[in-house]
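Me: I'm new to reading protein models and I'd like to go through this one with you. Can I ask what the descriptions rest on as we go?

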Amino acid sequence: MNGIKSPPPLPDSLVARLSRSVETRLGLHFPPERWADLVRGVRAAAPELGFDDVQQCAEWLVGAKAQPRQIDLLAAHLTVGETYFFREPKAFEALEMHVLPEIVHEPQRSGARRLRIWSAGCCTGEEAYSIAIAVTRAVPKWREWQISILGTDLNPRFLHKAAEGIYSQWSFRGLPAEIQRDYFHQTDNGRRFAIAPWIKTLVTFACLNFVEDVYPSLGNSTNAMDVIFCRNVVMYFAREQARRVVGNLHRALVHGGWLFASATEASPELFANFTAANFPGTVVYRKNLPPPRLDLPAPAVPLEVSHTLVSSTSSSAASSSELLAPSLPEAAAPAPSAKARTLANEGRLGEALAACDQAIALHKLDAASHYLRGMILQEQGALDEAAASLKRALFLDQDFVVAHFALGNLMQRRGRATDAKRSFENARALLRRCPAEAGLPESDGISAGRLLAILDATREANR
Ligand SMILES: C[S@@+](CC[C@H](N)C(=O)[O-])C[C@H]1O[C@@H](n2cnc3c(N)ncnc32)[C@H](O)[C@@H]1O
């Protein structure tokens, strides 16, 4: 006997409910054969969640009382943090040799030098930085492009490490030595390696839970992506959650955009909306291009109406002029601000900005339109103008939480840490006054509690 007592087990019925609750809030699937991992994670999270007793902690989690911030804490103990630079090298070869060159030469880009890539489920950042390195190698004159590489994860600790950008030799396993030499410098007396600053500036990190958060959304810059990497993430999800995540990622891509999944996740059913493109040693999923527009002359009488005429002449007492008038309500043109949002989500930024300006011309004091203008300008890389629009939105409505948040992100991107902190604090102060479940205007459905958790996670990541 070594005297170490194993902790008492939790009742199966409680673990079963815990597993369902974790699946609902985090998407993570823990079948009975992985219940030991689930209990181990909760046991590790319990002290941080304020519990001495694991059973009490599990019962509290099942009772759905946990706030988003606490769910993130739990996630930190349940998620798998396995990753390294240029993992699955064939995928990076396809990115560098085929996908990026094709994007650079796309005729529909009509000269717009803008590239948006998302490492979704980025863990500690190795994948996002590998993408950034590949971009600098594959895009000629990449400094003249507006490049945005977004890394998201739900685990704030992983994001903290990602934002720091310092790694041990273990993260470079299998990587050719010259990449490590050219894109990193030694730190900690040669024990660790820091990513080169010129690569680091291409990447931003943010907290996002695939199950509870809203995406694609202009608000968190998850819209109009040219390329998404989402690898070794949905394999831990229940089928239905995985399908929902892949569906949202499909909507987050521009037409013709590319999705990289890992070889273990390849499932024709999951990626049925994509076209599989085969490259040496790997498959990449492509969102279809829209069908070419056929500029046919409009029919003299809408087809629906002519059908009404045929079927109703014998029985109806209506006059022929009434019959000829379409019985369908005329489709209302979308409001300019709604049109601007749709166009921006599709990445058609020039048209989106024009629609937004039209909306502002009609309603000069509409804070939401100025906010939208700021977000579009930010995506276009016009950061000063974007900041001016966001400030105008806040001048018109100082309680506009999402605009404070957006201005904070923008200031952070421009390296103005004090201004960023002030905007985030403004958002935080307003959010503390809202019920956690309250919806926020212009947030695409994000709740006050969730945005507060994201702000906390962002603060932790950048500490
Ligand atoms: C195994 S790592 C994959 C890292 C990287 N994509 C790769 O392939 O090397 C899985 C990542 O997914 C994240 N994750 C798990 N569930 C998530 C969720 N519901 N929302 C966002 N990220 C999640 C985990 O925190 C973890 O960092």
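**Around the ligand**

Reply: Sure. This is a predicted model, and the shell around its ligand has 10 nonpolar, nine polar and five charged residues.

Me: What makes a residue part of that shell, and which are the closest?

Reply: The cut-off is a C-beta atom, placed from the backbone, within 6 Å of the ligand. By that rule 24 residues surround the ligand, and the closest are T79, T83, G121, C123 and F210.

Me: Which domains does the shell draw on?

Reply: Domain 1 (12-78) and domain 2 (89-287) each supply at least three residues.

**Two helices**

Me: Why is helix α1 called roughly perpendicular to helix α4?

Reply: Start with the angle: α1 (residues 12-26) and α4 (residues 68-78) pack at about 110°, and their axes are 11 Å apart. Angles of 65 to 115 degrees count as roughly perpendicular, so α1 gets that label relative to α4.

Me: Which residues meet there, and how do they divide by class?

Reply: From α1 you have V22, R25 and L26, and they meet I71, A75 and L78 of α4. The contact divides into five nonpolar, no polar and one charged. Arg counts as charged, so R25 in α1 is the charged one.

**The seven-stranded sheet**

Me: What is the strand order in the sheet of seven strands?

Reply: Reading across, the order is β6-β2-β1-β7-β8-β10-β9, and this open sheet has mixed pairing.

Me: Why are β6 and β9 said to stand at the edges?

Reply: Because β6 (203-207) and β9 each have a single partner strand, one side of each is left without a neighbour in the sheet. From one strand to the next, the twist averages 25°.

Me: How do you know that the pairing is mixed?

Reply: Look at two pairs. Strand β1 (residues 114-120) and strand β7 (residues 225-229) pair in the parallel sense over three bridges, with S119 opposite F229 in β7. Strand β9 (residues 274-279) and strand β10 (residues 282-287), though, pair in the antiparallel sense over six bridges, and A277 has V284 of β10 as its bridge partner. Two strands count as paired if there are at least two bridges between them, so three bridges for β1 with β7 and six for β9 with β10 both pass.

Me: What happens in the hairpin of β9 and β10?

Reply: Two residues sit between those strands, and G281 takes a positive phi near 75°.

Me: Which helices pack on these strands?

Reply: Helix α5 (residues 89-104) packs on the sheet and touches β1, β7, β8 (253-260), β9 and β10. The direction of α5 makes about 35° with that of β10. Helix α7 (residues 156-164) lies across β2 (146-153) and β6, running at about 165° to β6. Angles over 145 degrees count as roughly antiparallel, so α7 is roughly antiparallel to β6.

**The three-stranded sheet**

Me: What makes β3 and β4 edge strands?

Reply: In the open sheet with the order β3-β5-β4, where the pairing is antiparallel, β3 (166-168) and β4 (184-187) each pair on one side only. Neighbouring strands here are turned by 35° against each other on average, direction ignored.

Me: How do you know that β4 and β5 are partners?

Reply: β4 and strand β5 (residues 192-195) share four bridges in the antiparallel sense. At least two bridges are needed, so they count as a pair. You can spot H185 opposite A194 and F184 opposite I195. Their hairpin has four residues between the strands, and D188 there takes a positive phi near 55°.

**Two loop details**

Me: Why is the bond from Y215 to P216 called cis?

Reply: The omega of this peptide bond is near 0°, and the bond is listed as cis. P216 is found in the loop between β6 and β7.

Me: What is notable about phi at K141?

Reply: Phi of K141 is near 50°, a positive value in a residue other than glycine. You'll find K141 in the loop between α6 (126-138) and β2.

Note on methods. Residues are numbered from 1 along each chain as its sequence is written. This is a predicted model: local features need pLDDT of at least 70, side-chain atom pairs count only at pLDDT 80 or more; totals for chains, interfaces and linings use all residues. Axes are lines fitted to C-alpha atoms, for helices over the stretch in contact, and angles run from 0 to 180 degrees between N-to-C directions. Angles under 35 degrees count as roughly parallel, over 145 as roughly antiparallel, 65 to 115 as roughly perpendicular and the rest as oblique. Two residues are in contact if their C-beta atoms, placed from the backbone, lie within 7 Å. Domain bounds come from an automatic or database domain assignment.
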